[in-house]
Amino acid sequence: MLNVTLPDGKELHFESPVRVLDVAASIGAGLAKATLAAVVTTRDAQGQPSSHTIDATTLLPESGDITIKILTSRDPEALDMMRHSAAHIMARAVMRLFPKTQLAFGPTTENGFYYDFLTETPISEADFPKIEEEIKKIIKAGEPFERVEEPRDKALEILSGIGQTLKVEHLREGLGENETVSFYKQGEFIDLCRGPHIPTAKTIGAVKILSIAGAYWKGDANNQQLQRLYGTAFFKKEELEAYLTQLEEAKKRDHRLLGKQHELFAIDNEVGQGLILWLPKGTIVRKQLEAFLQEELTRRGYQMVMTPHIGRIELYKTSGHYPYYAESQFPPIDMGEHPSEKARLAAVKVEYPGDEAAFQAAAASVEKFLLKPMNCPHHIKIYEVKPRSYRDLPLRISEFGTVYRFEQSGELSGMVRVRGFTQDDAHIFCTPEQVAEEVRGCIEMTIYVLKTLGFSDYRVRLSFRDPANQAKYVGDPAAWDAAETAIERVTREMNLPNVSIGLGEAAFYGPKTDFIIRDCIGREWQLGTVQLDYQLASESRFNLSYTGADNKPHQPVIIHRAPFGSFERFVGILIEHFAAAFPLWLAPEQVRVLVVSDKFEEYAKRVEQQLREAGLRVGSDYRPEKIGAKIRDAQLSLVPYMLVIGGREVESETVSVRDRIDGDLGAMSVATLVEKMQEEIRERRLRQRK
Ligand SMILES: [Zn+2]
Ligand SMILES: [Zn+2]
């Protein structure tokens, strides 16, 4: 007999073999109709659970105890699965229109899917409408996806028979271990695929082909060049419409374009890809953000420090960053390559001819450095400058610390994926008893900082241990228990919206809290990480301690946290969020003085001076242009306030104020304007065009 437990704890029993669909039908006909697949959890002899997603039509085990979560179009996992089915359908449509097409791989992406093809005649954008037409026909026919399992020999025969040589190669080389493999069939189309898939094409609401790009077979530039066709799919047509509108809006807000247009930042190939040059205007934005954070950090009892951009490799061996993360780092700076070190070693050979030991000793003293991939090891050294007692804790050390990581060039993107970046980093060294309060402080600060910048729509993700596999985590299990309970309690007490707990998602060294914000066009970004760490302070790493109230040594807990993540990525996101129209307190140019004619220049310059003395960032336009053109230019430059100065203003000792958002505000004295602007800045007011 098979015992099935549902997520709500309800139990069902089946005497004869059943499929997921039958389980759904026994609950209700409506559910059976909506069922797309199921996540099935089984336990092995040791009680270790393992979960996998299976088709709605797959037979369940005949006996035993399993847990089933039925997936419908409301579950996020189902969207991904449906999109993979849409990729099969797109491939099928392409095969119909481009006979002899070779299929490569067709996985899903964050927002859709792609499929790589090798066609006799290249696919172009002009072909998209007819491919989409064909896709519509296939969806309308509503044929089922059928899973077929075959032994390797038979599978090779099938693939050779239909001339899919890339798949044959993959089966031979990539799947060499598998004794049987699975195919998915839909009508005349068959594809080597692990699955799972939705039961029929009918549940796909809308498919759109988005773009085409070049790709190589298995991502290797020495292999055949393929074409990668990107698409997306949704369960409902309206969802596709909303997504396409969002894409349009995102294109307009692309920080790479706006950053260039408004001279915020630049990337120069001669300096290097992924290395940001902050232009004067971008630097103003960053410095304002730094000042804002600095103020908040001071208020919350953090102490600022500064540390070098490099450190000796031994430091990172102790921390474990080297060699474990060598792939994502720049290789070490080997001083053995330096002329003076080469000369020193050569001299040893001359002085002690044949003395291999002397030479080895000299060679071993050659230093190696690493570009700092993380600030933590440096901050730990600051903790270690003197003996610490429980009275010194919590010690909150913060730094706007620049780190370097080696991202693949294909991964680099404007300011959001870079090779050098400055984190708004901090490390809190505290006692286990202080963890809850410190985490609360970090969460409060993150929320405050994000809200100030207009990100009030966010969700919180807690990453905790896998309860079934506690052995893989470092640190005292009791400390983990206490920390996880405390973090969960803190988020509940703070009434945080949308808190989700990911069991098994914690890093091996500590539980984590992440903020996922939604920007004004609905895209999600992960920011504001608070990470607990039981490893770096441990005996096997830096072996940190403090003297407790009991006069005995104890190991502190380290918390890593960064509300923004990095200034580069955060400013990139901000540029898109505000479409470069920054609120007054961040605007590179806050006010621009415009003269109606050059007769009023002297008065205008006096006004400029008064504004500057009040600490405002002032620009001016004295070109012999019509005032209308000057206003338009200032408006396009996204300057929050424009001051028009003509005869009337000079006479009445006023300025005519134009607000970028509200338009004409009429004449006022400079003093009144300054007061109004300073208040808006002080309150860090967000005013967006409706
Ligand atoms: Zn597939
Ligand atoms: Zn850290």
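## Close-up views of two cavities, two pockets, two sheets and a zinc site

**View 1. The lining of the second largest cavity has four nonpolar, two polar and one charged residues.** Here Ala, Val, Leu, Ile, Met, Phe, Trp, Tyr, Cys and Pro count as nonpolar, Asp, Glu, Lys and Arg as charged, and the others, Gly among them, as polar. You are looking at a predicted model, in which local features need pLDDT of at least 70 and side-chain atom pairs count only at pLDDT 80 or more, while totals for chains, interfaces and linings use all residues; side-chain values use heavy atoms, with hydrogens and water left out. Residues are numbered from 1 along each chain as its sequence is written, and chains are lettered from A and ligands numbered from 1 in the order in which they are written. The residues to find around this second largest cavity are D55, A56, T57, F145, H197, I198 and P199. They enclose about 30 Å³ of space. On a 1 Å grid over the protein atoms alone, a cavity is a set of points where a 1.4 Å probe fits but cannot get out, a pocket is an open set with protein on both sides within 12 Å along at least five of seven lines, and lining residues have an atom within 4 Å of a point. Grid points are joined across faces, edges and corners, and a volume is the space filled by probe spheres set on the points.

**View 2. The largest cavity holds about 50 Å³ of space.** Two cavities of 30 Å³ or more are counted in the model. Around the largest one sit F582, P583, L584, P640, D659, R660, I661, E680, R685 and R687. This lining splits into five nonpolar and five charged residues, with no polar ones.

**View 3. The largest pocket has a volume of about 2000 Å³.** It is lined by 44 residues, and E110, N111, Y243, Q246 and L247 are the closest to its centre. Helix 7 (237–253) is one of the elements that supply at least two residues each, and others include helix 3 (76–97), strand 11 (206–216) and strand 12 (225–234). Helices (H or I, at least four residues) and strands (E, at least two) are DSSP runs, numbered from the N terminus. With nine residues, helix 7 makes the largest contribution to this lining. By class, the 44 lining residues comprise 15 nonpolar, eleven polar and 18 charged.

**View 4. The second largest pocket has a volume of about 1300 Å³.** Its lining counts 38 residues, with M374, R405, F421, Q423 and Y509 the closest to its centre. Helix 11 (321–324), strand 20, strand 24 and strand 27 each give two or more residues. Strand 24 gives the most, with six. In this lining, 14 residues are nonpolar, 15 polar and nine charged.

**View 5. Three protein residues hold the zinc ion (ligand 2) as donors: C376 (SG), H427 (NE2) and H560 (ND1).** The donors lie 2.0 to 2.4 Å from the ion. Donors are N, O and S atoms within 2.8 Å of the metal (3.2 Å for Na, K and Ca); water is not among the atoms, so sites may look incomplete. Along the chain the spacing reads C-x50-H-x132-H. C376 in helix 14 (residues 376–383) and H560 in strand 27 (residues 557–562) are 184 residues apart, a pair that links distant parts of the chain.

**View 6. Eight strands form an open sheet of mixed pairing, in the order 15-19-20-27-24-23-21-22.** Strand 15 (303–304) and strand 22 (499–503) are the edge strands, each with a single partner strand, so one side of each has no neighbour in the sheet. Two strands pair if DSSP finds at least two bridges between them. Strand 15 runs parallel to strand 19 (residues 395–404), joined by two bridges; Q303 has I397 as its bridge partner in strand 19. Helix 16 (residues 477–493) lies across strands 21, 22, 23 and 24, at about 165° to strand 21. Helix 17 (residues 567–578) crosses strands 19, 20 and 24, at about 150° to strand 24. Axes are lines fitted to C-alpha atoms, for helices over the stretch in contact, and angles run from 0 to 180 degrees between N-to-C directions; contact means heavy atoms within 4.5 Å.

**View 7. Strands 8, 9 and 10 form an open antiparallel sheet in the order 8-9-10.** Strand 8 (146–151) and strand 10 (189–192) stand at the edges, each with a single partner strand, so one side of each is left without a neighbour in the sheet. From one strand to the next, the twist averages 30°. Four bridges join strand 9 (residues 180–186) to strand 10, and Q186 is the bridge partner of F189. Helix 5 (residues 152–161) packs on the sheet, touching strands 8, 9 and 10, with its direction at about 115° to that of strand 8.
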